[in-house]
Amino acid sequence: MTDRSVRTAEEKTGRRSARSRLAALLGGVLPLVATFLLALAAPPASAASLVEVTNFGSNPSNLRMHLYVPDNVRARPPVLVAVHYCTGSGPAFHSGTEFASLADRHGFVVVYPSATRSGNCFDVSSPQALRRDGGSDPVGIRSMVGHVLQRLNADPDRVYVTGASSGAMMTNVLVGNYPDVFEAGAAFMGVPHSCFATTDGSGWNSSCANGTLDRTPRQWGDLARGAYPGYGGPRPRMQIWHGTEDSTLRYPNFNEQIEQWTDVHGVGRTPAYTDRPQSNWTRTRYGGTGDRAPVEAVSVQGVGHSLPTGGMAARAVAFFGLDGTGSTDPDPDPDPGPGPGACRVAYSANAWNTGLTASITVTNTGSAPLSNWSLAFALPPGQTITSGWGAAYSPNSASVTATAASYNSTLAAGASVRIGFQASHTGNTGGPSSFTLNGAACTTA
């Protein structure tokens, strides 16, 4: 065989070997791509890479830490802690979500903790995990933050946390345990602080996961406050996301989180502002109408246990104020939607033993038409909507938003629309005390 033939054979063998290695690599990556298909996008060329950090401080449960510092990192950068789902890891959450590319764009750093226990779920159930400095995973994550603040001269007043599923549950735990560390949190598909609590060593709480653990707002608030007894300082703002078809951590947990954090912040549970940033999102804000409201909640219609996707990470980053707006005002209003309008609501109900039928007439008393309107109100405790007409009602109890149907979505100036619902009750047949139409408070007739 000639030298040229040998070289040709070697080149072919090398190409086949390279193709085999590429196929093996793709085989490992494709499941992650399938999980986060909408979130993945080809990042711009960058020298920045994910780096593992060891010996970062107290770490009772042997968590692993990965750190992403973008090429254009700010001086005194903000810090985002991004916490993965069960079976995941910090590197998987780095590659499978948009937080790293958003860090490239806006210059903040991202800490990715990795759980090491069986199933790679974070501890959000043990008594140690549910109190400040009690031990377990929250202590390790707090150490990661302290390490970054010291080594990178990061901004201690701009530390944030987000997570999905198990990471969302940990987000709720961290903002309760360390309200003096975190400025805000964003939980995708989570449960309230202490909802998953167990005393038998188990890491799974079926009643919480199934959405059957129902407490009053004050009870939920006391659990979060009890994680750091005696603390009287400011509380982290909270953003809550949930899909209506979530069958893993079921949708009632969405409202329980709203109840917990509105109580912690001492704000009302009737939304101050309601809109639909995307066709299947219903966003409500509590305690403020602007982009930095104390509590913001986004219900995602028809979606299961698969968040964040489709621009949700960017919305969380905007809620944190990491998108370059630079505002530290807890309630600026860069996207307030419709200005204060004029509306009037007439409410009446016919009740019987365990049920009632309610009729609501909404009148646009302003001088301009309203498009894609939504009416927000709070039902008294014990009332649950079982069916409705003229609008879509979500959720079916507590803080409810009625979203216009396609045939009545435009409400002309001076015009009225009548909607209604049937509900069960446990004795309280009263009506809502107030209504807001597209974020504007209405008078009641």
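How many residues of the lining of the largest pocket are nonpolar, how many polar and how many charged? In this predicted model, the lining divides into 12 nonpolar, 11 polar and five charged residues. The pocket holds about 690 Å³ of space. It is lined by 28 residues. Those closest to its centre are Asn255, Glu256, Glu259, Ser397 and Ala398. Two elements, helix H8 (252-265) and strand E16 (391-394), each supply at least two residues of this lining. The largest share comes from H8, with five residues.

A cavity was also found. Rolling a probe the size of a water molecule over the atoms shows where empty space is left. Across the whole structure, the search finds one cavity of 30 Å³ or more. The space in the largest cavity is about 70 Å³. Its lining consists of Tyr251, Phe254, Ile258, Thr282, Thr284, Tyr286, Ser299, Ser394, Pro395, Ser399, Val400 and Thr401. Two or more of these residues come from each of H8, strand E9 (281-286) and strand E17 (399-404). Six of the lining residues are nonpolar and six are polar. None is charged. Helix H8 thus appears in both linings: it gives five residues to the pocket and two or more to the cavity.

Helix H8 also meets another helix. Two packed helices are described by the angle between their axes and the distance between the axes. The axes of H8 and helix H7 (residues 217-226) come within 8 Å. They cross at roughly 70°. Because angles of 65 to 115 degrees count as roughly perpendicular, H7 is roughly perpendicular to H8. The crossing of the two helices is right-handed.

Two open sheets were examined. Strands of a sheet pair through backbone hydrogen bonds, either parallel or antiparallel. One sheet has 10 strands, in the order E1-E2-E4-E3-E5-E6-E7-E10-E9-E8. Its pairing is mixed. Strand E1 (50-53) and strand E8 (273-275) are the edge strands, and each pairs on one side only. From one strand to the next, the twist averages 15°. Within this sheet, E2 and strand E4 (residues 109-114) are antiparallel and share five bridges. His66 has Tyr112 in E4 as its bridge partner. Strand E9, which contributes to the cavity lining, lies between E10 and E8 in the strand order.

The other sheet has five strands, in the order E15-E19-E12-E11-E22. This sheet is also open, with mixed pairing. Its edges are strand E15 (384-389) and strand E22 (443-444), each paired on one side only. E15 runs antiparallel to strand E19 (residues 416-424), and five bridges join them. Trp389 stands opposite Gly420 in E19.

Several loops hold notable backbone geometry. Where do the cis peptide bonds lie? One joins Leu307 and Pro308, with omega about 5°. Pro308 sits in the loop between strand E10 (295-300) and helix H9 (312-320). Another runs from Ser394 to Pro395, with omega near -15°. The loop between E16 and E17 holds Pro395. Both Ser394 and Pro395 belong to the lining of the largest cavity. Arg76 has a positive phi, near 50°, and is a residue other than glycine. It is placed in the loop between strand E2 (64-68) and strand E3 (79-83).

Methods: Residues are numbered from 1 along each chain as its sequence is written. This is a predicted model: local features need pLDDT of at least 70, side-chain atom pairs count only at pLDDT 80 or more; totals for chains, interfaces and linings use all residues. Side-chain values use heavy atoms; hydrogens and water are left out. Two strands pair if DSSP finds at least two bridges between them. Helices (H or I, at least four residues) and strands (E, at least two) are DSSP runs, numbered from the N terminus. On a 1 Å grid over the protein atoms alone, a cavity is a set of points where a 1.4 Å probe fits but cannot get out, and a pocket is an open set with protein on both sides within 12 Å along at least five of seven lines; lining residues have an atom within 4 Å of a point. Grid points are joined across faces, edges and corners, and a volume is the space filled by probe spheres set on the points. Ala, Val, Leu, Ile, Met, Phe, Trp, Tyr, Cys and Pro count as nonpolar, Asp, Glu, Lys and Arg as charged, and the others, Gly among them, as polar. Axes are lines fitted to C-alpha atoms, for helices over the stretch in contact, and angles run from 0 to 180 degrees between N-to-C directions. Angles under 35 degrees count as roughly parallel, over 145 as roughly antiparallel, 65 to 115 as roughly perpendicular and the rest as oblique. A crossing is left-handed if the near helix is turned anticlockwise from the far one by less than a right angle, and right-handed if clockwise.
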